[in-house]
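The following note comments on selected local features and on the packing of the interior. Each point may be checked against the coordinates shown below.

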Amino acid sequence: MSGSLGERWLKAAYRGAPWLNLLCPLEALYRWGVTHRAASFHAGRRAVWQAGVPVIVVGNLTLGGSGKSPLTAWLVGHLTARGWRPGIVSRGYGGRALHYPLAVTRETPVAECGDEPRMLARQTGAPVVVDPDRPRGARALIEAGCDILISDDGLQHLALGRDLELVVVDGRWGFGNGRCLPAGPLREPLSRLDTVDAVLVNGEPAFTSPPGAWTFRLQPARWRRLADGEVRGLAPLPFVGPVHAVAGIGHPQRFFATLKALGVTSVPHALGDHHRYTAADLTFDDGRPVVMTAKDAEKCDDLAPADTWVLEVEAEPDAGFVAWLDQRLNACCRPGANG
């Protein structure tokens with residue numbers, strides 16, 4: 001599913017549209033496939049590669065955005081400050097390279113690596129490798145000197161062994177209607193939460209959170225002008241008057257609400273997640289500035305008008321989660337223990 005049809009289906013899945021009940025037989029088939037695939041890894045019928053260094057998986061159960069990438073960026077900074085040498089391995093959704101593993105830099109074409117891996121490379125400065133074969137990508141990071149790995153959106157990629165599984169949930173949308181594909185937005189049944197190490201809810205939950213879940217918030221951090229990289233503080237605003245706000249992310253309304261909270265008057269333009277931008281998407285006839293998310297900006301370097309500003313955000317987890325994470329990592333091993 002893609003384009004407007006996919007977007008309408010996703011909204012229906014999160015809102016619990018009754019017509020999705022017609023897809024329950026297909027959901028049962030999907031759940032059977034997911035369950036048997038997982039069982040084959042746990043029983044050893046499919047190989048699980050153990051990296052020999054700690055591996056933290058950041059993933060979710062649902063389709064659509066949840067805040068995984070900002071949390072991954074926060075993890076890199078937190079681990080680096082404590083003496084680790086982290087690296088990020090990603091599937092690279094939306095990209096297609098000629099050769100893998102692909103080491104991602106700020107200059108890597110988004111068409112090869114995908115928008116989120118390049119954004120993470122720019123934001124963190126850490127090694128980022130894209131590879132559909134996660135164990136192969138993980139080996140490349142270890143060879144590059146990383147002593148701890150973060151598997152971005154890697155919950156369902158069971159071929160790579162892991163020490164910690166962190167599930168990220170959008171606070172507004174939660175788990176939708178609680179059904180698996182195609183009758184709902186879940187990639188795996190909700191019972192999967194019983195096996196993960198931590199659940200983190202992005203924002204104040206509008207649903208009943210799983211027991212023991214922590215929260216984190218995405219806080220606006222700074223403005224960045226796309227044309228030349230100039231950085232400005234949140235206030236005063238670096239532009240004058242109303243703006244056009246474009247967002248091709250999982251839940252665009254979250255971005256528009258953030259702009260409103262910052263005092264920005266905007267004309268919202270909601271696009272599909274991982275939208276492939278053209279110049280026409282950013283061409284308006286009124287001369288107003290354009291603002292966008294950091295993920296969108298990775299695809300718009302050569303397309304956006306000169307007066308385009310990017311709102312950078314940062315994850316701020318609960319202090320309790322930070323203490324828990326450090327305790328768990330101390331139980332694994334110390335930084336540099338593997339070289």
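Is aspartate 131 buried or exposed?

1. The model under review is predicted, and the remarks here should be read accordingly. Aspartate 131 is buried, because its relative accessible area is 0%, which falls under the 20% limit. The residue sits in the loop that connects strand E4 (128-130) to helix H6 (134-143).

2. The surroundings of aspartate 131 deserve attention. A polar atom of its side chain lies 2.8 Å from the backbone nitrogen of aspartate 133. Leaving aside neighbours within four places in sequence, aspartate 131 is in contact with Ser90, Arg91, Tyr100, Pro101, Arg136 and Gly137.

3. Threonine 308 belongs to strand E13 (residues 308-317). With a relative accessible area of 0%, threonine 308 is buried. Its side chain reaches the backbone oxygen of proline 305 at 2.8 Å. When neighbours within four places in sequence are left aside, the contacts of threonine 308 are Arg224, Arg225, Leu226, Val290 and Met292.

4. On the nonpolar interior, the largest core comprises 34 residues. Ile56, Leu166, Phe321 and Leu325 have the most contacts inside it. Helix H3 (residues 68-81) supplies the largest share of this core, namely six residues. Apart from this core lies another, of 13 residues, which includes Val243, Phe256, Leu259 and Leu311.

5. Leucine 325 may be examined individually. Its contacts, leaving aside neighbours within four places in sequence, are Ile56, Trp74, Leu75, His78 and Leu164. Among these partners, Trp74, Leu75 and His78 are buried residues of H3.

6. Why may H3 be described as largely enclosed by the rest of the structure? Eleven of its 14 residues are buried, so the description is justified. The buried residues are Lys68, Ser69, Pro70, Leu71, Thr72, Ala73, Trp74, Leu75, Val76, His78 and Leu79.

7. The length of H3 was also considered. At 1.5 Å a residue, its 14 residues should span 20 Å, and the end C-alpha atoms are 20 Å apart, so the two values agree. Just after H3, glycine 83 takes a positive phi of about 95°.

Technical notes. Residues numbered from 1 in each chain as written. Predicted model: local features only at pLDDT ≥ 70, side-chain atom pairs only at ≥ 80, totals over all residues. Heavy atoms only, no water. Core = buried A, V, L, I, M, F, W, Y, C linked by side-chain atoms within 4.5 Å. Buried < 20%, exposed > 50% of the residue type's maximum accessible area, 1.4 Å probe, protein only. Helix = DSSP H or I, 4+ residues; strand = E, 2+ residues; numbered from the N terminus. Contact = heavy atoms within 4.5 Å. Polar contact = N/O pair within 3.5 Å; in protein donor to acceptor, adjacent residues only side chain to side chain. Expected span 1.5 Å × (residues − 1).
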